[in-house]
Amino acid sequence: MTTYVHPASWQEYTAALDWARRGSERIAEATSKPEEMPRGAKYYLTNDFQSGFGVASDGTLIGLYSTVKGRGEDLVWAAVLHKGAKKLDCFDGFLPEYYKQFGFVETERAANWTPGEPDVVFMALSV
């Protein structure tokens, strides 16, 4: 399966992310609030608006989400191979292991600002 993304405005992306967060507790826990997404980033959405991501000006992959099971790999590859993503941060647990398959390695770890919640793991593409 190949998932295609097209450029989206901040308004389009944040509206789609807000919809996805309202419909999925998992997406809400793993992504920032739409209003916290930086306006200077480049955003991408699928034609059905059910999946998307952003790439900040420094190459950080941000706000990757999908309400369609199985699209994640295509989205990460699109971000890395075609949209300039070269680093990210995520919560410890499933995601650090998941991102390793794309060549990301842990570069730093920070305690979560909410006591008892998973650490924040910073990752970058290995060279």
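# A guided tour around strand 5

Among contacts in the chain between residues at least 6 apart in sequence, 54% join residues that lie at least 24 apart. Keep in mind throughout that this is a predicted model.

**The whole chain.** Begin with everything displayed, where the secondary structure comes to 4 helices and 7 strands, which follow one another along the sequence in the pattern β-α-α-β-β-β-α-β-α-β-β. The radius of gyration of the chain is 14 Å, close to the 14 Å that the globule rule gives for 127 residues, so the chain is as compact as a globular protein of that length. If you turn the view along the principal axes, the C-alpha atoms fill a box of roughly 35 × 35 × 30 Å, and of the 127 residues, 42% count as buried.

**The sheet.** Next, select the strands, which form an open sheet of 7 strands in the order 1-2-3-4-5-7-6, with mixed pairing. At the edges you will find strand 1 (6–8) and strand 6, each of which pairs on one side only, and from one strand to the next the twist averages 30°. Now add helix 1 (residues 10–23), which lies across strand 1, strand 2 (42–45), strand 3 and strand 4, and which runs at about 50° to strand 4.

**Strand 5 and its partners.** Select strand 5 (residues 87–91), and look to the side where strand 4 (residues 60–66) pairs with strand 5 in the parallel sense over 2 bridges. Here Thr60 has Lys87 as its bridge partner, while Leu61 has Leu88. Strand 7 (residues 120–125) runs antiparallel to strand 5 and is joined to it by 5 bridges, and in strand 7 the bridge partner of Leu88 is Met123.

**The two faces of strand 5.** Show the side chains of this strand, and ask which of them point to one face and are buried, and which point to the other and are not. Leu88 and Cys90 belong to the buried set, whereas Lys87, Asp89 and Phe91 point to the other face and are not buried. This fits a general pattern, because in a regular strand the side chains alternate between the two faces of the sheet.

**Asp89.** Pick out Asp89, which is partly exposed, with a relative accessible area of 41%. Leaving aside its neighbours within four places in sequence, Asp89 is in contact with Thr60, Val120, Val121 and Phe122. You can also draw a distance from Asp89 to Glu106, since the two are 17 residues apart in sequence and 9.1 Å apart in space, C-alpha to C-alpha.

**Helix 3 and its ends.** Return to strand 4, and note from its pairing with strand 5 that the two run in the parallel sense. The chain crosses from strand 4 through helix 3 (residues 72–82) to strand 5, and this β-α-β crossover is right-handed. On the way, in the loop between strand 4 and helix 3, stop at Arg71, which is buried because its relative accessible area of 12% is under 20%. The side chain of Arg71 makes a polar contact with the side chain of Thr46, at 3.3 Å.

Within helix 3 itself, select Gly72, Asp74, Leu75, Val76, Ala78, Ala79 and Val80, which are buried. The buried residues of this helix pack against strand 3 (51–55), strand 4, helix 4 (94–100), strand 6 (104–110) and strand 7. Finish just after helix 3, where Gly84 takes a positive phi of about 85°.

How values were computed
Residues are numbered from 1 along each chain as its sequence is written. This is a predicted model: local features need pLDDT of at least 70, side-chain atom pairs count only at pLDDT 80 or more; totals for chains, interfaces and linings use all residues. Side-chain values use heavy atoms; hydrogens and water are left out. Buried means under 20% relative accessible area, exposed over 50%, partly exposed in between (1.4 Å probe, protein chains only). Contact means heavy atoms within 4.5 Å. Two strands pair if DSSP finds at least two bridges between them. A crossover is right-handed if, with the strands pointing away from the viewer, the path from the first strand over the helix to the second runs clockwise. A polar contact is a pair of N or O atoms within 3.5 Å; within protein, one must be able to donate a hydrogen and the other to accept it, and residues adjacent in sequence count only if both atoms are side-chain atoms. Axes are lines fitted to C-alpha atoms, for helices over the stretch in contact, and angles run from 0 to 180 degrees between N-to-C directions. The radius of gyration is taken over C-alpha atoms; the globule rule is 2.2 Å times the number of residues to the power 0.38.
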